[in-house]
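This report describes one protein chain for a reader who has not met it before. Please look over the sequence and the structure before reading on.

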Amino acid sequence: MSGVMKRMGMIFRAKANKALDRAEDPRETLDYSYQKQLELLQKVRRGVADVATSRKRLELQLNQLQGQSSKLEDQGRKALALGREDLAREALSRRAALQQQVTDLETQHRTLQGEEEKLTLASQRLQAKVDAFRTKKETIKATYTAAQAQTRIGEAFSGISEEMGDVGMAIQRAEDKTAQLQARAGAIDELLASGALDDQSGLAAKDDIAAELDRISGGTDVEIELQRMKAELAGGSGAPSIEGGKSSPGSQVQPVDQHKPRFDKQ
């Protein structure tokens, strides 16, 4: 069971890694890294400012204590000049206590000054690295964008991109359907022309032989009817001949049987 779980975990991590790799944009990653470096640089600068503020505060305290120390020294001199040795001793004692504080503050001031110098140097170095990273970032982004555009253009020309692949498949399907319809139309025309298929609408064109027979049949019927009418008008009993438009002697006009079916042209 543990082996199955390990395998499932490995498959899940592999698929997640592939999905992340597909979704990752190097340009966005570079911009994010640059933003983090700017935030770090800002923190270093704030640290330098805080150290400088503390150093300045110590300097103000030192100036104040040194002023008090000088004042106590003057007071001791004046008391000693007036014969007040006790007051002079007290003034010097207070001055010694202030001097100890001044010494401690000077030590702290030197420490803060050293930290400020270190942070300032680190800030300058970090600023240089951030500037260099920004230049490299923009170069990489430009190169990546150009390579991406070149790849898309190449895929478009070669027809292997997804968009162009879909367009190519659509064109192929349209050409196949067009060819199929053309073949079907051609086959139907051939079947109609050969008479294998009947035109139920009656509008289809007949072949050349049938058209010629219909024309001859129609012309003969008209000539026969015309000769019959001439014979009736002339009052003769002989049936006229078709040839030359003249009646042949001895020929009889056959009476028209109204009940006999006539063959009209098809």
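Which residue forms a salt bridge with Arg84? The partner is Asp86, and the closest N and O atoms of the pair are 3.4 Å apart. The model is a predicted one, and this pair is taken up again below with other salt bridges.

## Overall layout

The chain has five helices and two strands. Along the sequence they come in the order α-α-α-α-α-β-β. Helix α1 covers residues 2-23, while helix α2 covers residues 26-81 and helix α3 residues 85-158.

Of the 266 residues in the chain, 14% are buried. The area exposed by the chain is about 21,400 Å², and carbon and sulfur atoms supply 57% of that area. Contacts between residues at least 6 apart in sequence can be sorted by separation: 63% of them join residues at least 24 apart.

## Salt bridges

Across the whole structure, a search finds 16 salt bridges. One of them joins Lys141 to Asp31, with 3.1 Å between the closest N and O atoms. Lys141 belongs to helix α3 and Asp31 to helix α2, so this pair ties together parts that are 110 residues apart in sequence. Lys141 has a relative accessibility of 19% and counts as buried, because the cut-off for buried is under 20%. Asp31, with a relative accessible area of 30%, is partly exposed.

The bridge between Asp86 and Arg84 has two partly exposed partners: Asp86 has a relative accessible area of 43%, and Arg84 has a relative accessibility of 39%. Another salt bridge links the side chains of Asp131 and Arg134, at 3.7 Å from N to O. These two residues are three apart in helix α3, so about one helical turn separates them. Asp131 is partly exposed at 28% relative accessibility, and Arg134 is partly exposed as well, at 38%.

## The surroundings of Lys141

Which residues are linked with Lys141 in a network of salt bridges? The network holds Asp31, Lys137 and Glu138 along with Lys141. The side chains of Lys141 and Asp31 also make a polar contact, at 3.1 Å.

Leaving out neighbours within four places in sequence, Lys141 is in contact with Arg27, Leu30 and Asp31. Lys141 itself is placed in helix α3.

## Nonpolar cores

In soluble globular proteins, nonpolar side chains tend to be buried together. The largest nonpolar core here has seven residues, namely Leu58, Leu62, Leu65, Leu72, Leu98, Val102 and Leu105. Helices α2 and α3 each supply at least two residues of this core, and the largest share, four residues, comes from α2. For Leu98, the contacts beyond four places in sequence are with Leu65, Gln68, Ser69 and Leu72.

A second core, separate from this one, has six residues, among them Leu41, Val48, Leu126 and Val130. Where is Ser123 found? Ser123 is in helix α3, and its relative accessibility of 11% counts as buried. Not counting residues up to four places away in sequence, Ser123 touches Leu41, Val44, Arg45 and Val48. Leu41 and Val48 are residues of the second core.

## A nonpolar patch on the surface

Nonpolar side chains also appear on the surface, where Val4, Met5 and Met8 form a patch. Together these residues have about 300 Å² of accessible area. Val4 lies in helix α1. Is Val4 buried or partly exposed? With a relative accessible area of 47%, Val4 is partly exposed.

## Summary

The predicted model has five helices and two strands. Helices α2 and α3 are joined by the salt bridge between Asp31 and Lys141, and both helices supply residues to the largest nonpolar core. The surface patch is made of Val4, Met5 and Met8.

Methods. Residues are numbered from 1 along each chain as its sequence is written. This is a predicted model: local features need pLDDT of at least 70, side-chain atom pairs count only at pLDDT 80 or more; totals for chains, interfaces and linings use all residues. Side-chain values use heavy atoms; hydrogens and water are left out. A salt bridge is a side-chain nitrogen of Lys or Arg within 4 Å of a carboxyl oxygen of Asp or Glu. Buried means under 20% relative accessible area, exposed over 50%, partly exposed in between (1.4 Å probe, protein chains only). A polar contact is a pair of N or O atoms within 3.5 Å; within protein, one must be able to donate a hydrogen and the other to accept it, and residues adjacent in sequence count only if both atoms are side-chain atoms. Contact means heavy atoms within 4.5 Å. Accessible areas come from the Shrake-Rupley method with a 1.4 Å probe; for residues, only the protein chains shown count as cover. A nonpolar core is a set of buried Ala, Val, Leu, Ile, Met, Phe, Trp, Tyr and Cys residues joined through side-chain atoms within 4.5 Å. Patches are made of residues with over 30% relative accessible area and no salt bridge: like charges are joined within 9 Å, nonpolar side chains (Val, Leu, Ile, Met, Phe, Trp, Tyr) within 5 Å.
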